[in-house]
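Dear colleague,

Please find the structure we spoke of below, together with its sequence. My notes on it follow, and I would be grateful if you read them with the structure open.

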Amino acid sequence: MKTGKLPGNIVKLSMLNQLHTKNKQVISGAAVGADCAFLEIPQNQFCVVCSAEGELNTKEMSGEDNGTGFTIAQLIQICFNRLAAGGARPVAAFFSLFLPEETENIWIRSLMAEAENVCSLYSVQTAGVHGCVLKEIRKPAAVVNGYGSAAADRKRTLKNSAPFQDIVLSKWVGLLGTVILAERYKEQICGHYPAFLMENVEHFHECCSVLKEAEIALTCKVSAMYAASEGGIFAALWELSEGAGVGFEVDLKKVPLRQETVEICEFLGANPYELHSEGCLVMTADDGEELVKALRAEGIEAVTIGRTTDQKGKIIQNDDEVRYMDRPKQDEIFRNCL
């Protein structure tokens, strides 16, 4: 493809024609020549906006995994999870694609069909699509902007957290990171572990949405929510502490891990607590046990791992060892583990 803005025929045939989901709050959405979208926000509600960006996985483009790329479905899920953590329901999405010259039309069509499939699950309309070919870019990348709405009583920010509240986690940490590492090192892992381990990991993506637990948490007087993602649970706890202006004390033994994550991280020499944890929602509440009980009643695993404090210290306890958390490191998915 030639450098510059994608031609109108490609935008129409390969991008817009893949989009079918409608949302009544999107008054005017994606179309050829439409640079703006118009959303209707119900009275007494907030418009909530967030984004997720990353290099795209090129396996379907070239037949080879580019190592660190996300699928477009994963980026969309990350974006929607962030909206849910703010107390919002996703309404619309806007995609910006940055493509290398060797990109083929059929790959763009497949990418947008995948995006539409995810958006349709949440009745989210694609409000806009933009794409350009850049001469110096070697691998495709995308920015997903998500738009949602939230009533005033649903609005949640990290500043709602306070000292001496329980810290609750949903599901398990390291889920998405395990999926990415397992795909990248599939041959080596399959040569070391029984086949059922990989088969189990292939279903982890089904657990990467936090929209259901966010809805439940809002009925249990949750103070704040944070969708764990890049950098793993350590980065999520750090962000919670910095954003809320509180310290914390966490028992590492209580942090939930799938056995598959433990096995793969041990084999690759990766730290599961610094592994991409999309699918795990970090919550603070005055009564963590009530929240845990409500989540488990709906079939969602949850556990209280510690409490916030009125100090600045970020304390991790592991049996008899007590230490202060270091500043978050680069996510394990971005380094060569073998």
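**Notes on the structure**

Residue I167 of strand β8 stands opposite G306 in β12. Please bear in mind throughout that this is a predicted model.

The pair belongs to a wider pattern. Five bridges join β8 to β12, and these two strands run antiparallel. Strand β8 is also joined to β11, by four bridges and again in an antiparallel arrangement; here D166 stands opposite A285 of β11.

How enclosed is β8 by the rest of the structure? Five of its five residues are buried, so β8 is largely enclosed. Both of its faces are covered: D166, V168 and S170 are buried on one side, and I167 and L169 are buried on the other. This division agrees with a general rule: in a regular strand, side chains alternate between the two faces of the sheet.

The sheet as a whole is open and has seven strands, in the order β9-β11-β8-β12-β10-β13-β14, with mixed pairing. Its edge strands are β9 (224–227) and β14 (321–324), each of which pairs on one side only. Neighbouring strands are turned by 25° against each other on average, if direction is ignored. A parallel pairing is found between β10 (residues 247–251) and β13 (residues 314–318), which are joined by four bridges. Within that pairing, D251 stands opposite Q317 in β13.

Two helices that lie across strands of this sheet deserve your attention. Helix α3 (residues 72–85) lies across β9 and β11 (281–285), and runs at about 170° to β9. Helix α11 (residues 288–297) lies across β8 (166–170), β11 and β12 (302–309), and its direction is at about 155° to β12.

I turn next to helix α1. Which residues of α1 (residues 8–15) are buried? They are I10, V11, S14 and M15. These residues cover an arc of only 100° around the axis, and therefore lie on the same side of α1. The general background is that an α-helix has 3.6 residues a turn, so residues three or four places apart point the same way. Among the elements that cover the buried residues of α1 are β5 (89–99), α4 (105–121) and β6 (125–133).

The axes of α1 and α4 come within 8 Å and cross at roughly 45°, which makes α1 oblique to α4. In this contact, I10, L13, S14 and M15 of α1 meet N105, I108, R109 and M112 of α4. The residues involved comprise five nonpolar, two polar and one charged.

Finally, two loop residues should be checked for their backbone angles. N44, in the loop between β3 (38–39) and β4 (45–55), has a positive phi of about 65° although it is not a glycine. Is N44 buried or exposed? Its relative accessible area is 65%, so N44 is exposed. D319 lies in the loop between β13 and β14. Although D319 is not a glycine, its phi is positive as well, at about 60°. With a relative accessibility of 48%, D319 counts as partly exposed.

With kind regards

How values were computed. Residues are numbered from 1 along each chain as its sequence is written. This is a predicted model: local features need pLDDT of at least 70, side-chain atom pairs count only at pLDDT 80 or more; totals for chains, interfaces and linings use all residues. Side-chain values use heavy atoms; hydrogens and water are left out. Two strands pair if DSSP finds at least two bridges between them. Axes are lines fitted to C-alpha atoms, for helices over the stretch in contact, and angles run from 0 to 180 degrees between N-to-C directions. Contact means heavy atoms within 4.5 Å. Buried means under 20% relative accessible area, exposed over 50%, partly exposed in between (1.4 Å probe, protein chains only). The arc is that of the directions from the helix axis to the C-beta atoms. Angles under 35 degrees count as roughly parallel, over 145 as roughly antiparallel, 65 to 115 as roughly perpendicular and the rest as oblique. Ala, Val, Leu, Ile, Met, Phe, Trp, Tyr, Cys and Pro count as nonpolar, Asp, Glu, Lys and Arg as charged, and the others, Gly among them, as polar.
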